[in-house]
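Here is my note on this model. It concerns one sheet and what packs on it.

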Amino acid sequence: MRTTIGEYLLNRLVQAGVTELIGVPGDFNLNLLEQVEDVDGIRYVGTCNELNAAYAADGYARSRGLSALLTTYGVGELSALNGIAGAAAEHIPMISIAGAPPLYATEGRYDLHHSMADGDFTNMLAAVGQFTAAAVRITPANAAEEIDRALHTALREKRPVHIQVPSDVSYLTIEVSGDPFDATPASSDPERLQATVDAVLEFFAEAKRPAMLIDLDADRHGFAPKLQAFAQATGTPYAHLSTGKATLDESHPLFLGTYNGALSAPEVREAIEGADFLLTTTPRFIESNSGAFSQALPKDACVDFGDQHVGIKGVDYIGIWTSEVLDVLVQRVGNRADGATGAATQDGGHTPSDMVGDWEVSPDAALTQERLWPRMAQFIREGDAVFAEAGTSNIGLGSQRMPSGVKYVNSGIWGSIGYTLPGVMGSLLADPQRRHLLFIGDGSLQLTVQELSTILREDLKPIIVVLDNGGYTIERWILGMDSAYNDIAAWDYAALPKAFAPTTSMVSYAAGTEGELEEALAAIETSEAGAFLVLKLDPKDAPAGLKGFGPATADFDFGPRGPRNA
């Protein structure tokens with residue numbers, strides 16, 4: 001059958017599960033945008049800028065499993081590149097599409113706008129290609145093959161891919177098979193699958209102190225439900241890295257807490273470093289999730305589960321899909337445990353969201369970080385999507401246990417501030433029935449606040465909690481506690497929803513005391529409208545974890561002769 005290149009690309013996205021194309025129009029992609037209206041099952045959602053579009057596509061993919069980003073050549077691609085790189089670092093599958101100059105102009109090396117005016121049209125593709133698993137420019141000769149290859153690569157590798165579509169080819173027709181896009185991975189080699197399972201179970205049978213250490217790849221590759229089932233069937237306790245927070249159920253008695261190298265709680269450190277069988281999911285240790293690289297995993301006890309390999313005692317089992325390995329493992333282990341063997345730590349325990357627990361409210365007391373985060377953890381419900389901005393919000397919530405079924409989203413590795421506001425928008429587009437909560441500082445909000453207007457235009461209803469503390473609190477604790485460079489302009493944050501959309505149903509709240517916070521939370525709990533809750537906090541106040549993180553970061557970044565030691 002024959003179809004146009006643009007329709008083929010858009011239909012492939014629909015078949016892969018993408019129903020929104022997120023981006024910014026530009027002259028080289030307008031032809032493709034015209035075609036969106038002719039393809040059933042997908043619509044265009046415009047954002048305020050390309051960086052925010054990339055962040056939104058990242059959030060979308062975390063909920064849907066794949067997303068699509070649309071930009072224009074050069075200025076659009078490079079504006080989105082920070083978000084694309086973040087998706088690469090966080091292992092997020094994203095289809096980045098850029099309208100490109102017409103094919104005759106690139107082949108003729110024309111000097112054009114949005115370029116260096118030097119006839120070189122390889123540089124943009126090469127720049128974005130540094131951060132993607134595939135980067136290709138479509139032609140009529142390669143379109144069907146390369147589009148499918150890019151989609152398969154993104155889904156298999158859990159990375160962004162980049163497709164440039166020249167502006168004069170999307171309406172050209174090509175011959176295609178007509179078969180729907182099939183995202184089913186190749187099956188495991190049967191012998192290797194059986195050998196892997198046998199090796200894991202043989203090692204596990206010898207263990208007296210088994211444990212699991214979970215990082216973000218367990219979520220990206222869909223391992224989480226199967227690992228949870230394995231833990232429960234065998235009574236194996238588990239911990240996570242901060243970058244893998246809430247991937248497995250934090251309310252379960254088998255949950256130990258967060259492993260952070262030498263900074264871990266003693267019982268967590270002992271369970272992980274003293275394990276004689278430690279199931280890992282290819283953890284990536286950076287300074288902030290490893291106690292400044294003080295991790296000490298028992299190498300001879302590690303069984304590492306990657307997406308296409310399992311490593312045991314120095315032997316890599318390949319030719320397998322680990323998801324299939326886990327299916328067979330769960331079937332074979334049955335329920336050999338009489339009960340949970342994990343010893344849950346006491347800090348950060350969860351109380352149902354309709355209770356304040358044993359916390360006695362002091363109505364006139366000013367809000368403090370120490371009191372705020374345990375209370376906000378109680379406000380979170382089972383099954384919520386919780387976005388925690390890098391810095392104060394993520395550190396404050398990181399020590400709190402999440403209820404069962406919470407999807408916890410942060411940018412723990414890339415750490416680009418401002419990500420979470422567009423990110424929560426993308427996630428809501430992908431999963432509008434789920435309650436979404438965003439915790440973001442005022443400094444981060446000011447970077448990407450324009451996308452609040454898109455949230456309101458799309459009638460999305462997140463609960464947005466803004467920490468108004470007059471600047472970059474995390475930076476203050478690293479360096480420059482009283483320095484002007486850590487200050488930001490004082491905005492009337494509560495006025496923003498009405499300023500962006502005068503008829504919005506989103507309700508603004510403000511609280512500076514514990515009593516005002518309780519009144520606001522009670523109102524939000526009973527409302528179906530979106531909420532914009534502004535919390536007034538002391539600029540120098542911080543969660544306990546941040547007070548330790550800041551000086552440690554300064555030591556790491558600046559060395560003994562750094563400015564803080566002057």
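**Notes on the sheet**

1. Start with a cross-strand pair: Ala510 stands opposite Val534 in S21. The model is predicted, so to speak, throughout: local features need pLDDT of at least 70, side-chain atom pairs count only at pLDDT 80 or more, and totals for chains, interfaces and linings use all residues. Residues are numbered from 1 along each chain as its sequence is written, and side-chain values use heavy atoms, with hydrogens and water left out.

2. Strand S20 (residues 507–511) pairs with strand S21 (residues 531–536) over five bridges, in the parallel sense. Pairing requires at least two bridges found by DSSP between two strands. Strands (E, at least two residues) and helices (H or I, at least four) are DSSP runs, numbered from the N terminus.

3. Helix H20 (residues 514–525) joins S20 and S21 in a right-handed β-α-β unit. Right-handed means that, with the strands pointing away from the viewer, the path from the first strand over the helix to the second runs clockwise.

4. On its other side, S21 runs parallel to strand S19 (residues 463–468), with six bridges between them. Here Asp468 stands opposite Lys536.

5. The open sheet has six strands, ordered S17-S16-S18-S19-S21-S20, with parallel pairing. S17 (407–409) and S20 are the edge strands, each pairing on one side only. Neighbouring strands are turned by 15 degrees against each other on average, direction ignored. Axes are lines fitted to C-alpha atoms, for helices over the stretch in contact; angles run from 0 to 180 degrees between N-to-C directions.

6. Helix H13 (residues 369–379) packs on the sheet, touching strand S18 (436–441), S19 and S21. Contact means heavy atoms within 4.5 Å. The direction of H13 makes about 175 degrees with that of S19.
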